[in-house]
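Visitor: I would like to learn how to read a structure like this one. Could you take me through it step by step?

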There are 2 protein chains.
Amino acid sequence: MGLKEARKTFSDYIRKKELRNTTQRQRILEAFLSSERHITAEDLYKNIQKKYPEIGFATVYRNLKLMCESGIAEEIKIGNQKSKYEHIDLKQHHDHLICIKCGRFYEVFDERIENLQVKLAEKNDFLPVRHRLEIYGLCRNCR
Amino acid sequence: MGLKEARKTFSDYIRKKELRNTTQRQRILEAFLSSERHITAEDLYKNIQKKYPEIGFATVYRNLKLMCESGIAEEIKIGNQKSKYEHIDLKQHHDHLICIKCGRFYEVFDERIENLQVKLAEKNDFLPVRHRLEIYGLCRNCR
DNA sequence: TTATTATTGATAATAATATTCATTATAGAG
DNA sequence: CTCTATAATGAATATTATTATCAATAATAA
């Protein structure tokens, strides 16, 4: 989703939950929206520190959690890596190719796999809500 | 894989790496092999404590890690749950259905999904080594 | 303008796992 | 068998990431 849409989704969520629109919250939101696609809480905190050294670590965590709840971000926890927060792209769900050498993520999508997953779940009397597919291996740069 | 095969795989690994076959190591191995299919380090430790209270937590962790390296166990980290160690079944790789209400795992497999995953990776110039597919939702007991 | 209460920053707490280190025990050499 | 090098252990401590606590502050709605 675009920046405007993300801002609106987030502020709608804030209003709906009767939370408050603080300057720290705005700044953390903007820092997140202008960050790379997969960022750790720590790296986001560091970026924010440069401009606004008065904003604390806990506040960044709290607001990342809020952004996830609002639907504009998603927490991705892979193996022993620390959590990364990803910008949600409403246009398309995707899976991840994860390089076991350099750790980089690549986003991919396959409609047929998606459909088969739903069928697989239903065959097992399971109501699927969401899923995560991670394929580990070597990316083109690391072979 | 069967118990004997797992024991052999592990002891071969120990020998190859010029490590040592201690009594603690044997006991932790046996406790793991006779445990339920997905067990946390803590629960395994508790089980071991009943019989051998002199074995320490760190030793259990160290040996679980070794078992993973040797290929008879796999560490599975899902969301905020603590890591679970799973017996590797050489006969068949599988994916997980994970109930978001009760937290239980269900093991499933679909050959067509497996094949499509390999193709998806290759299409992206990526050499797949292993993968993890987790489908979250509600199991039959929790709907 | 004021009252309510969400939010903040600093700090402490927590939880899981890893590391340190002195002591013990194993495997291989002789 | 004995000796020696060093892997392994247990206890305690450290680390790492994330959360909770709490007094002070600030946003919202009346």
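**Reading the pairing between chains**

Guide: Let us begin at one spot: A:Arg132 stands opposite B:Glu134 in S6(B). Please keep in mind that this is a predicted model.

Visitor: In what sense do strand S6 of chain A and S6(B) pair, and over how many bridges?

Guide: The two strands run antiparallel to each other, and their pairing covers 11 bridges. On the chain A side, the strand consists of residues 127–138.

Visitor: How many residues of each chain are in contact?

Guide: A general idea to start with: the size of an interface is often given as the accessible area lost when the parts come together. Here we count residues instead: 31 of chain B are in contact with 31 of chain A. On the chain B side, the elements that give two or more residues are strand S5 (105–108), helix H5 (111–123) and strand S6 (127–138). S6(B) gives the most, with 12 residues. By class, that side of chain B divides into 17 nonpolar, 5 polar and 9 charged residues.

Visitor: Which residues are closest to DNA strand C?

Guide: They are A:Leu19, A:Gly56, A:Thr59, B:Ala58 and B:Ser83, out of 23 residues that surround the strand. Two or more residues come from each of helix H2 (23–33) and helix H4 (57–70) of chain A, and from helix H4 (57–70) of chain B. H4(A) gives the most, with 5 residues. The classes in this surface are 7 nonpolar, 9 polar and 7 charged.

Visitor: How many helices and strands are there in chain A?

Guide: Chain A has 5 helices and 6 strands, and along the sequence they follow the pattern α-α-β-α-α-β-β-β-β-α-β. The C-alpha trace of chain A spans about 50 × 40 × 25 Å along its principal axes. Of the 143 residues in chain A, 24% are buried. Among contacts in chain A with a separation of 6 or more, 52% link residues 24 or more positions apart.

Visitor: What about the backbone angle phi of A:Asp125?

Guide: The general idea is that most residues other than glycine have a negative phi. A:Asp125 has a positive phi of about 60° although it is not a glycine. This residue is found in the loop between helix H5 (111–123) and S6 of chain A.

Visitor: Why does A:Asp125 count as partly exposed?

Guide: Because 13 other C-beta atoms lie within 10 Å of A:Asp125, and the partly exposed class falls between 12 or fewer for exposed and 20 or more for buried.

Visitor: And where is B:Asp125?

Guide: B:Asp125 is in the loop between H5 and S6 of chain B. Its phi is positive and near 60°, and with 13 C-beta neighbours inside 10 Å, B:Asp125 counts as partly exposed.

Note on methods. Residues are numbered from 1 along each chain as its sequence is written. Chains are lettered from A and ligands numbered from 1 in the order in which they are written. This is a predicted model: local features need pLDDT of at least 70, side-chain atom pairs count only at pLDDT 80 or more; totals for chains, interfaces and linings use all residues. A residue is near a molecule or strand if its C-beta atom, placed from the backbone, lies within 6 Å of it. Helices (H or I, at least four residues) and strands (E, at least two) are DSSP runs, numbered from the N terminus. Ala, Val, Leu, Ile, Met, Phe, Trp, Tyr, Cys and Pro count as nonpolar, Asp, Glu, Lys and Arg as charged, and the others, Gly among them, as polar. Two residues are in contact if their C-beta atoms, placed from the backbone, lie within 7 Å. Two strands pair if DSSP finds at least two bridges between them.
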